[in-house]
Structures are given as structure tokens and as C-alpha cells.
Amino acid sequence: MKQPFRMTPAPDLPAPGYACSLVADPHSVRDGLAQIVASPLLAGFGVDARCTVEIVLAEVLNNIAEHAYKGETGEIAVDLRLTGSGVLCLVIDEGVPMPDGSPPPGLLPTAGFQLEDLPEGGFGWHLIRTLTRDLSYTRLGRQNRLSFLIPAKWQHSGDCSKNIPARSWRRNNLPRPGPGAGFTLGFRQVPT
Amino acid sequence: MQLQTQTRPKVLSVLVMEDRIDAASAIQFKEQMRELTQKAEHRVVLDLGRVKFLDSSGLGAIVAVKKLLGPSRVLELSSLTPTVEKVFRLTRMESIFTIHSSHEAALSHDASA
């Protein structure tokens with residue numbers, strides 16, 4: 001039985017956010033994605049941005065289930081924060097480290113023109129790399145910590161932070177990640 | 001995974017009745033497609049109009065079905081929703097499939113062939 005997550009406590013951060021933890025298997029990932037995409041945090045973004053968030057997180061979370069936990073039981077913590085330039089994501093797991101200590105470069109598998117050469121996999125990291133910015137991976141103790149920004153424009157006029165409970169990440173009683181845990185976020189006002 | 005089929009002369013239509021083909025359903029999708037297309041003669045048109053979400057596992061499964069059909073039969077796609085279209089475009093897999101805007105377009109394409 002795995003120990004529950006332990007994350008370094010941190011001072012309260014003002015950024016509107018959403019956090020959840022989920023079991024690392026494809027069905028739980030599917031359910032988790034549905035909750036994340038429907039969360040008030042993303043309500044101010046257009047359909048296209050929400051789709052991008054879903055694609056990126058689907059790839060990241062399923063990779064963790066398949067490769068970090070190798071199909072065995074495990075837990076994943078997801079923390080999303082709004083910034084002026086998009087959705088900043090931190091994803092934490094306690095599976096095995098990334099091979100070579102860094103995430104794959106995400107080169108597209110070379111598509112041959114022969115039917116039998118067509119790639120059936122290797123698309124995931126290409127999608128993640130293409131749709132994110134500032135991707136950073138650290139191994140901290142037993143934890144893999146992957147952070148990245150999904151660039152997106154807030155569509156609604158007005159201050160987005162007014163509509164979102166600043167403490168919505170308290171959902172599921174998830175301990176807060178913070179500066180001591182290698183993830184420091186400042187919330188910048190979104191220009192209207 | 002619910003797949004609805006319709007057989008016409010030389011073309012087998014498969015309508016995916018699910019809103020996603022993802023890591024949780026990709027293997028099942030591939031296996032069901034393998035069974036459904038066993039007797040397909042020439043063209044298989046996969047209608048993805050109801051599929052709102054496709055991840056890399058789902059994409060891999062669709063490519064795998066294309067490969068299963070071998071060189072003598074073709075897999076064509078129709079009615080891609082925006083997210084599905086985006087995944088095909090970003091991975092450049094759109095270039096290896098014939099993609100029709102609608103199922104009707106796919107079928108009339110056959111009539112003119």
C-alpha cells in the first residue's frame with residue numbers, strides 16, 4: 001500500500017486555482033479530466049483552450065499511469081493555476097523517475113509511406129511539447145514534478161479572479177504545493 | 001464501446017457511438033474494429049462525428065486499424081470534430097488518411113470513384 005501524498009506546506013497563494021488527486025489508471029484519468037475541464041477555473045476560456053488543456057493533461061496523466069507507475073496502483077496530484085498567459089499546471093506522481101532524468105523531446109515518430117511503417121505510438125510527448133511552454137521536470141525525493149504552461153487567452157471581460165474561489169484547490173483536501181516544493185506561482189492580473 | 005455498422009456495396013460504414021476514443025477504450029476499439037472489418041471488401045469509412053475527444057492512444061488505435069486492413073483495403077475517416085481534427089493535424093496523421101467532411105461526402109466520393 002502506498003503512503004498518501006506528502007507535500008511541503010506553503011503560505012497561501014492568491015492565484016485562482018484548482019487541484020485534485022486521482023488514481024493512476026485510464027478510467028480514473030478519464031473521470032478526472034471531465035472534472036477538470038468542467039471546473040469553474042476554466043469556464044472563462046473558449047472551447048478550444050479547454051480542449052487543449054484536456055489533450056495535454058490526458059497525455060501527461062496517461063503517461064504517468066503507463067510509464068511512471070507501470071500500470072500499478074498509484075496516485076497523481078494535479079494543480080492548475082491561472083496566470084496572465086494561460087493555465088499553469090503542476091503534476092506530481094510518485095512513480096519511477098523519467099528515463100535519463102528528463103522528459104522525452106517529443107519528436108514525431110517518422111511516418112514512412114509504407115503501410116507497415118506507420119507509427120502507432122509516440123505521439124503523446126509531441127502533443128505535450130507542441131501545446132505547452134516552459135516545461136520543467138524535477139525529481140524531488142520520491143516525487144516526479146512536471147510543470148508547464150498551457151498558453152490560453154481569457155475570453156470574458158473583467159477580472160477572472162472575481163468569479164473563482166481562490167481556495168477552490170482545497171477540494172479533495174489536497175495538501176498545497178508551494179515554494180518549498182519547487183513550484184512558486186505568482187498570479188498576474190489578466191488584462192481586460 | 002458501441003460501434004454501428006452499415007454495409008453498402010464495396011463500402012463498410014462504421015459509426016462510433018461514443019464521445020471519446022482514449023487510453024481507457026483504445027484497445028477495445030481496435031479489437032472491435034478488427035472483428036467488424038474482417039469481411040469488409042474494399043473501403044471502410046469510419047465516422048467520427050460523435051467523437052469529441054481523441055488522445056494519442058485513440059489515434060494509435062485508428063492507425064493500427066488502418067494497418068490491420070492491409071494494402072488491399074482502405075480506411076477513410078469522416079466528420080472529424082474540432083478536437084479530433086486538431087490531434088490529427090498536430091501529429092501530421094491527417095496526411096496519411098483520406099478525410100471526408102461528412103459521411104454523405106464519403107459515400108458520394110465512392111459513387112464518383
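In which strand of chain A is Asp134(A) found? Asp134(A) belongs to strand β4 of chain A, which spans residues 133-140. The structure described here is a predicted model, and the report takes chain A first, then the contact between the chains, and then the sheet and one helix of chain B.

**Chain A as a whole**

The average pLDDT of chain A is 79, and 71% of its residues score at least 70. Two stretches fall lower than this average might suggest to a reader. Over residues 6-12 of chain A the pLDDT stays under 50, and the model gives this stretch 17 contacts beyond four places in sequence. Over residues 157-192 of chain A the pLDDT is likewise below 50, and that stretch has 80 contacts in the model beyond near neighbours in sequence. Where pLDDT is low, the predicted coordinates should not be read in detail.

Chain A contains three helices and five strands, and, starting from the N terminus, these elements follow one another as β-α-α-β-β-α-β-β. Of the 192 residues in chain A, 38% are buried. Among the contacts of chain A with a separation of 6 or more, 75% are between residues 24 or more positions apart.

**Three residues of chain A**

Asp134(A), with which the report began, has a positive phi of about 55 degrees although it is not a glycine. Asp100(A) is another residue other than glycine with a positive phi, in this case near 65 degrees, and its place is in the loop between β3 (86-93) and α3 (124-131) of chain A. Pro103(A) also lies in the loop between β3 and α3 of chain A.

How buried or exposed are these residues? A residue counts as exposed if 12 or fewer other C-beta atoms lie within 10 Å of its own, and as buried if there are 20 or more. Asp100(A) has 7 such neighbours inside 10 Å and therefore counts as exposed, and Asp134(A), with 11, is exposed because of the same kind of count. Pro103(A) has 19 C-beta neighbours inside 10 Å, so this residue counts as partly exposed.

Pro103(A) also links parts of the chain that are apart in sequence: leaving aside neighbours within four places, it is in contact with Met98(A), Trp125(A), Leu135(A), Tyr137(A) and Leu146(A). Of these partners, Leu146(A) is 43 residues away from Pro103(A) in sequence, while the C-alpha atoms of the two are 8.9 Å apart in space.

**Where the two chains touch**

The contact between the chains takes 22 residues from chain B and 23 residues from chain A. On the side of chain B that touches chain A, the elements that give two or more residues are α2 and α3 (82-90) of chain B, and the largest share, eight residues, comes from α2(B). The residues on this side of chain B divide into 11 nonpolar, five polar and six charged.

**The sheet of chain B**

Five strands of chain B form an open sheet with mixed pairing, in the order β1-β2-β4-β6-β7. At the edges stand β1 (3-8) and β7 (98-100) of chain B, each of which has a single partner strand, so one side of each is left without a neighbour in the sheet. From one strand to the next the twist averages 25 degrees. Strands of a sheet pair through backbone hydrogen bonds, either parallel or antiparallel. The table lists three of the pairs in this sheet.

| Strand pair | Sense | Bridges |
|---|---|---|
| β2 (11-16) and β4 (43-47) of chain B | parallel | five bridges |
| β4(B) and β6 (74-78) of chain B | parallel | five bridges |
| β6(B) and β7(B) | parallel | three bridges |

Individual residues show how these strands are set against each other. Val11(B) stands opposite Arg43(B) in β4(B), Asp47(B) stands opposite Ser78(B) in β6(B), and Glu76(B) has Thr98(B) in β7(B) as its bridge partner.

**One helix of chain B**

Helix α1 of chain B covers residues 26-36, and its buried residues are Ala26(B), Phe29(B), Lys30(B) and Met33(B). Why do these buried residues line one face of the helix? Seen down the axis of α1(B), they fall within an arc of 95 degrees, and so they line one face. On the other side of α1(B), Glu31(B) and Glu35(B) are exposed. The cover over the buried residues of α1(B) includes β3 (20-21) and α2 (56-68) of chain B.

Terms used
Residues numbered from 1 in each chain as written. Chains lettered and ligands numbered in written order. Predicted model: local features only at pLDDT ≥ 70, side-chain atom pairs only at ≥ 80, totals over all residues. pLDDT = per-residue confidence, 0-100. Contact = placed C-beta atoms within 7 Å. Helix = DSSP H or I, 4+ residues; strand = E, 2+ residues; numbered from the N terminus. Arc of directions from axis to C-beta. Nonpolar A, V, L, I, M, F, W, Y, C, P; charged D, E, K, R; others polar. Pairing = 2+ DSSP bridges. Axes fitted to C-alpha atoms, helices over the stretch in contact; angles between N-to-C directions.
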